[in-house]
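Visitor: Could you take me through one part of this assembly at close range, and then set that part in its surroundings? I would like a careful account that I can follow with the model open beside me.

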Amino acid sequence: MNAATQAVGLGLARLETREKVLGRAQYIADLARPGMLHGAILGSPHAHARILGYDTAAARALPGVACVLTGDDLGDHRMGAFIKDEPPIAKGKARYVGEPVAVVAAEDEATARQAARLIEVRYEELPAVLSPEDGIAPDAPLVHEDLASYFKVFPAVCGGNVASETTIAEGDVEAALAAADIVVEGEYATAPQAHVAIEPCGALAEVDAGGRVTLWSANQSVFRVQANVCESLGLPMGRLRCLTPRVGGGFGNKMEAHVQPLVVALALATGRPVKLILNREEDFEIVRARHPFKVRMRTGARRDGTLVARDTEVLLDCGAYGDDSPGVLGYALLMSRGPYRIAHACAHGRLVYTNKLRFGAFRGFGNPQIAFAGETQIDRIAERLGMDPLDLRARNALRDGDRWFGGGEVLSNGLAQCIEGARAASGWTARRGAPNGLGAACAAHISGLLATGAIVRVLEDGSIVLNTGAVDIGQGSDTALAQICAEALKVPVERVSVASPDTDGSPYNWGTTASRVTYTTGRAVVAAAREVERKLREHAGEMLECSADDLELRWGGRIGLKGVPDKEISFLHVSLRAHWAAGGPIVGTNTLVFDRASVDPKRAVVTGLPFPRIGVFSFACTVADVAVDDVTGKAAVREAWSAVDVGKAINPGAVEGQMEGAFVQGMGFALTEEMVWDGGRLANPTLADYKVPTTLDSPHGIHTVIVEAPEPDGPFGAKGVGEIGIVTVPAAIANGIAAATGARLDRLPMTPERVLDAMTGGGDAS
Amino acid sequence: MTTQDVTLQINGRAHRLAVRLDTTLLTVLREGLALTGAKRGCNQGVCGACTVLLDGRPVRGCLTLAHDAEDRAITTIEGLGAEPNPVQAALAEAGAVQCGFCTPGMVMAATAFLRDHPAPSLEAVREGLSGNLCRCSGYRKVVEAVHRAGGGAP
Amino acid sequence: MTLLHKPATAAEAVRLLAADPDARPLAGGATLVAMMNADLARPSALVALRHVASLATISRAADGTSRIGAMRRHRETVHESDLRGAQRIVALAAARIANPTVRNMGTIGGSIAFADPAADYPAALVAADAVVEIVGPQGTRELTAEAFFVDWYATALRPGEIVAAVRLPPGPLGAVARYDKLVRVTGDFAIASVAVVAVVRDGAFAALRLAVGGCGPRPVRVAEAEALLVGARPGSPRIAEAAAALGAACDPVDDVRASAAYRRRVVPRMVAHALGTLLAPEARAA
């Protein structure tokens with residue numbers, strides 16, 4: 001693919017930008033249907049309680065109330081991405097504060113909320129499990145008594161409150177640590193982070209006369225919505241059609257179910273459209289959040305700077321339901337060796353049920369937490385050896401032909417270019433001589449996983465409709481996929497329109513998650529476009545009376561005879577023939593499932609890993625320049641450089657947007673964001689109390705360096721960029737704080753309090 | 001709860017509605033008048049997605065009671081016009097818009113800011129937009145677009 | 001029945017409030033409406049103070065005293081050129097409240113009547129030696145800012161009373177103001193704030209008032225520490241001594257912003273830093 005591209009590589013604004021800047025984009029809360037009811041939720045006041053009974057009479061008697069549902073009204077069905085452990089509404093027990101125990105549909109939202117407050121639920125409070133340490137104690141109360149009988153989609157190692165236990169081991173880590181010249185070790189803790197997509201979660205369901213349901217919702221996958229709702233309500237999948245309006249940001253929180261099952265249940269019960277939009281407090285309390293991690297890690301090195309061993313032990317708070325947690329645990333362990341060649345590595349982790357809201361997918365999927373531990377240890381080794389931290393990383397970086405931890409192949413690797421790119425852009429070498437707050441970190445992240453598809457259709461006038469079922473959550477995948485399609489068919493991007501995801505009409509797409517849409521769906525788009533090209537050439541060959549093999553696509557939607565510039569025919573003419581005379585309308589389709597193994601049993605011993613085939617690798621190196629106020633301990637990022645290997649930037653502007661946004665979200669995770677529990681209750685479920693960075697807290701100088709080490713089977717070489725930019729950020733900032741102050745932090749967020757404690761050894765020194 | 005009639009001047013047109021005391025301007029716009037450009041992100045005045053202009057100045061639609069907005073000129077993003085203004089055009093051109101949920105509030109805040117601060121510095125733009133949270137962009141392209149729309153020095 | 005009253009005079013506003021104990025005054029709405037949205041306040045009626053012209057003015061007396069009407073918005077206070085010398089502390093504090101949009105809404109009267117000790121005005125008003133003018137069913141009265149702020153979210157206002165204005169004395173000649181605020185992110189309420197009004201003459205403090213916010217039920221001021229600082233020069237051990245006294249006088253609690261222990265540690269550091277900066281020659285030049 002050496003020819004100049006005309007669609008791929010353009011920094012186009014998103015296709016839907018105009019409606020967004022004019023305020024005309026429609027999100028879930030903006031939708032309405034005739035006769036629509038509004039839903040409201042009654043949440044559990046207890047972290048762990050047996051439900052003894054309900055009194056819903058007062059709520060039902062309130063004028064305007066159409067329906068009240070509790071666990072008694074719904075069958076015994078459970079959903080879950082990995083472990084089928086979650087009912088659509090609490091049944092028998094409530095397992096966290098805020099868990100829906102009843103739902104109401106009424107003529108307006110205020111009435112619905114008022115009715116929810118009138119429902120009386122009789123509880124028997126049970127002792128709660130509020131930390132994973134509590135959960136593994138010998139006499140811990142059980143969050144799920146029936147765990148053993150739940151269906152699991154992978155060979156889970158589980159029991160008691162342990163939902164999943166995973167091990168990955170290569171080589172002999174204890175012997176290698178014993179033989180190492182230096183070993184650094186530490187314990188690390190990261191805080192739960194809230195996604196805070198500015199759009200809260202919500203859904204709207206409508207039932208037709210035949211009992212078939214149409215469901216719109218804020219989501220990252222119409223197909224996961226369909227699966228979750230149907231599993232949790234016991235519906236055949238054909239009875240539910242899932243659609244999506246514009247989505248106001250999703251960082252993992254909208255991938256699996258939130259309120260969709262409840263809204264469908266209310267619509268089925270009332271026969272009327274029902275809409276339920278969470279308020280911000282509910283969005284904090286009942287959707288999901290980034291897992292808090294406890295990590296114990298040891299890294300060993302030789303005096304010459306060769307890393308030789310890493311041992312990682314992880315304890316993960318699952319929350320009350322499995323959700324994506326087994327995946328997060330497995331993935332974090334797989335990432336625990338970092339993007340380095342370390343011959344001996346072992347990672348073991350346990351995922352423990354607690355009586356808190358479910359933790360789940362959040363940009364980075366466990367990798368930012370594990371990288372915080374790993375990349376601060378790399379810096380400590382550099383410090384001990386007197387080496388430049390970037391030199392140490394470059395020296396140990398995975399090289400061509402090296403395998404990932406577990407044995408998976410790495411077919412493209414731009415890590416060295418990322419390190420050198422960040423080093424050059426930041427002026428690292430010169431600035432490190434003087435007093436500074438420069439910190440660096442490296443990482444890799446995957447893009448891939450599971451099934452996807454594409455349908456490319458040529459309309460009668462020769463224009464193209466692309467239908468993939470991939471939900472654009474604002475990151476720009478509609479635009480990037482249109483660019484890929486346009487490039488493959490050599491038509492201007494404006495000639496390609498993108499169909500909105502629809503479980504009735506779109507090919508399956510697992511979801512907008514795992515940084516996967518550009519890479520996996522892009523592959524399907526290219527393959528489907530190639531099929532369209534083949535059919536176009538076959539038609540054109542018959543029309544031009546030549547062999548299809550002698551024909552080529554020409555820019556602008558034409559097919560011509562190679563070497564004969566004026567012998568050509570337009571897509572319009574080919575498509576008219578196909579529609580009206582011969583062959584039938586031209587459609588190209590492709591589906592695929594990511595099938596490259598991530599584990600090589602000859603190299604690694606692996607148990608309990610939910611993802612045996614995860615994806616291809618993107619790489620990153622981030623440098624942050626951190627200033628620390630020596631009066632208060634408050635740290636702030638002055639400037640940052642983010643270098644990311646994306647294979648090929650399909651849309652460089654959108655790639656920069658991902659890198660910049662990921663940096664600031666990672667900075668919030670590193671410095672300010674922390675969900676705090678007071679007993680079983682979330683103490684700060686508001687934007688007044690949970691603080692995300694504003695313009696003034698974010699450095700304007702976030703400099704992006706795009707590295708392109710093409711993935712052989714990626715669309716035009718592309719791989720994902722959605723998550724990789726956040727993975728390095730907490731560690732880079734922590735290393736910057738250490739450079740500025742000498743203080744090493746092992747806990748996120750690095751609040752003024754914790755930084756000041758680390759700077760002064762916890763004592764008072766004024 | 002009882003309602004009382006109120007007349008609101010929205011985008012140059014008078015609307016008479018029966019409204020409860022505790023109903024906010026944001027609710028009236030979105031639910032009473034189907035003007036859904038202003039978004040509800042937090043309903044606590046923190047996120048800024050509901051920003052509208054009251055007598056030309058940006059305020060939180062969610063913290064303004066509909067009854068207290070009587071006799072004041074209310075401008076929503078729908079009232080800026082069918083074609084993009086310079087702020088909207090610059091945001092589009094810069095590729096600053098991602099999910100777009102914060103965008104209407106950002107546009108209203110930025111439009112009023114540039115009217116009051118011609119040719120602002122980058123720092124002034126960052127201060128001017130500090131009441132509008134964006135979780136997608138990291139702000140850099142947003143700030144640059146508004147700065148450019150204002151004709152500020154680079 | 002009228003849900004939202006629009007009195008034209010303060011007396012009428014007070015009469016309406018006195019007549020209905022469940023009615024609440026509505027100033028800028030930034031706090032009250034947020035509480036209503038969260039179902040933490042359910043007033044039976046509201047008395048909008050926006051139409052009372054006398055509450056919306058600022059004036060400067062011949063002796064240099066500035067009187068800020070209760071309904072002055074934070075934005076107006078930030079840019080108020082009539083606030084000079086020691087009075088600047090109030091403008092500096094106003095500039096740190098929330099963000100520009102909320103500053104278009106919130107008022108000084110509404111803010112101090114809510115009396116969140118982590119808000120910006122309380123410490124600034126105490127440092128400015130401000131007087132709060134109150135109007136109520138029994139007429140008008142005045143309280144010093146120190147007497148006005150009573151406890152967490154509690155003031156000396158009696159039922160039916162509202163804040164009419166805040167009066168700022170001119171302060172000592174040559175006074176300068178400094179407001180330091182430690183926050184998690186911009187616009188948040190303070191973890192701790194330090195408001196200082198000082199006269200520096202010949203490299204030493206000639207006069208000084210200092211208050212700490214966000215570290216207890218009310219602004220913290222220690223008169224003995226201020227007395228100790230008069231005459232103190234850069235590097236004087238009295239600075240650390242005074243800073244420690246302020247820290248010791250704080251009565252903070254653990255909250256989502258920071259622990260009480262951290263506040264006790266950081267207040268002396270912030271106070272010492274503010275004082276040291278005020279004594280530095282470049283600060284005096286500014």
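Guide: A residue is called buried when its relative accessible area is under 20%, and that cut-off is needed for the residue I have chosen, Gln87 of chain C. Please keep in mind throughout that this is a predicted model. Gln87(C) has a relative accessible area of 1%, so Gln87(C) counts as buried. Along the chain, Gln87(C) sits in the loop between α3 (74-78) and α4 (88-94) of chain C.

The surroundings of Gln87(C) can be read from its contacts. Leaving aside residues up to four places away in sequence, Gln87(C) touches Arg60(C), Gly64(C), Thr65(C), Ser66(C), Asp82(C), Leu168(C), Pro169(C) and Pro170(C). Two of these neighbours are also polar partners: the side chain of Gln87(C) makes a polar contact of 3.2 Å with the side chain of Arg60(C), and the side chain of Gln87(C) also reaches the backbone oxygen of Leu168(C) at 3.0 Å.

Stepping back to the whole of chain C, one finds 12 helices and 13 strands. The radius of gyration of chain C is 19 Å, close to the 19 Å that the globule rule gives for 286 residues, and chain C is therefore as compact as a globular protein of that length. Along the principal axes, the C-alpha atoms of chain C fill a box of roughly 65 × 45 × 35 Å. Of the 286 residues in chain C, 57% are buried, and Gln87(C), at 1%, is one of the buried residues. Among the contacts in chain C between residues at least 6 apart in sequence, 60% join residues at least 24 apart.

From here we can move outward to the interface of chain C with chain B, where 30 residues of chain C are in contact with 31 residues of chain B. The two chains bury about 2300 Å² between them, with 55% of that area on carbon and sulfur atoms. On the side of chain B, Leu21(B), Leu63(B) and Asp68(B) supply 27% of the area that chain B buries against chain C, which is more than any other three residues supply. Asp68(B) also has a charged partner across the interface, since its side chain meets that of Arg50(C) in a salt bridge with an N to O distance of 3.1 Å. The count between chain B and chain C is four salt bridges, and eight residue pairs across this interface are in polar contact, both residues being at pLDDT 80 or more. The elements of chain B that give two or more residues to this side are β1 (3-10), β2 (13-20), β4 (57-60) and α4 (122-128), and β4(B) provides the largest share, with four residues. By class, the side of chain B that touches chain C has eight nonpolar, 14 polar and nine charged residues.

Chain B also meets chain A, in a contact that takes 46 residues from chain B and 55 residues from chain A. Chain B and chain A bury about 3900 Å² between them, 57% of it on carbon and sulfur atoms. Six salt bridges are counted between chain B and chain A, and Arg30(B) forms a salt bridge with Asp30(A), in which the closest N and O atoms are 2.7 Å apart. Between these chains there are 27 residue pairs in polar contact, again with both residues at pLDDT 80 or more. The residues on the side of chain B that touches chain A divide into 21 nonpolar, 13 polar and 12 charged.

Notes. Residues numbered from 1 in each chain as written. Chains lettered and ligands numbered in written order. Predicted model: local features only at pLDDT ≥ 70, side-chain atom pairs only at ≥ 80, totals over all residues. Heavy atoms only, no water. Contact = heavy atoms within 4.5 Å. Buried area = accessible area lost by both parts, 1.4 Å probe. Polar contact = N/O pair within 3.5 Å; in protein donor to acceptor, adjacent residues only side chain to side chain. Nonpolar A, V, L, I, M, F, W, Y, C, P; charged D, E, K, R; others polar. Rg over C-alpha atoms; globule rule 2.2 N^0.38 Å. Buried < 20%, exposed > 50% of the residue type's maximum accessible area, 1.4 Å probe, protein only.
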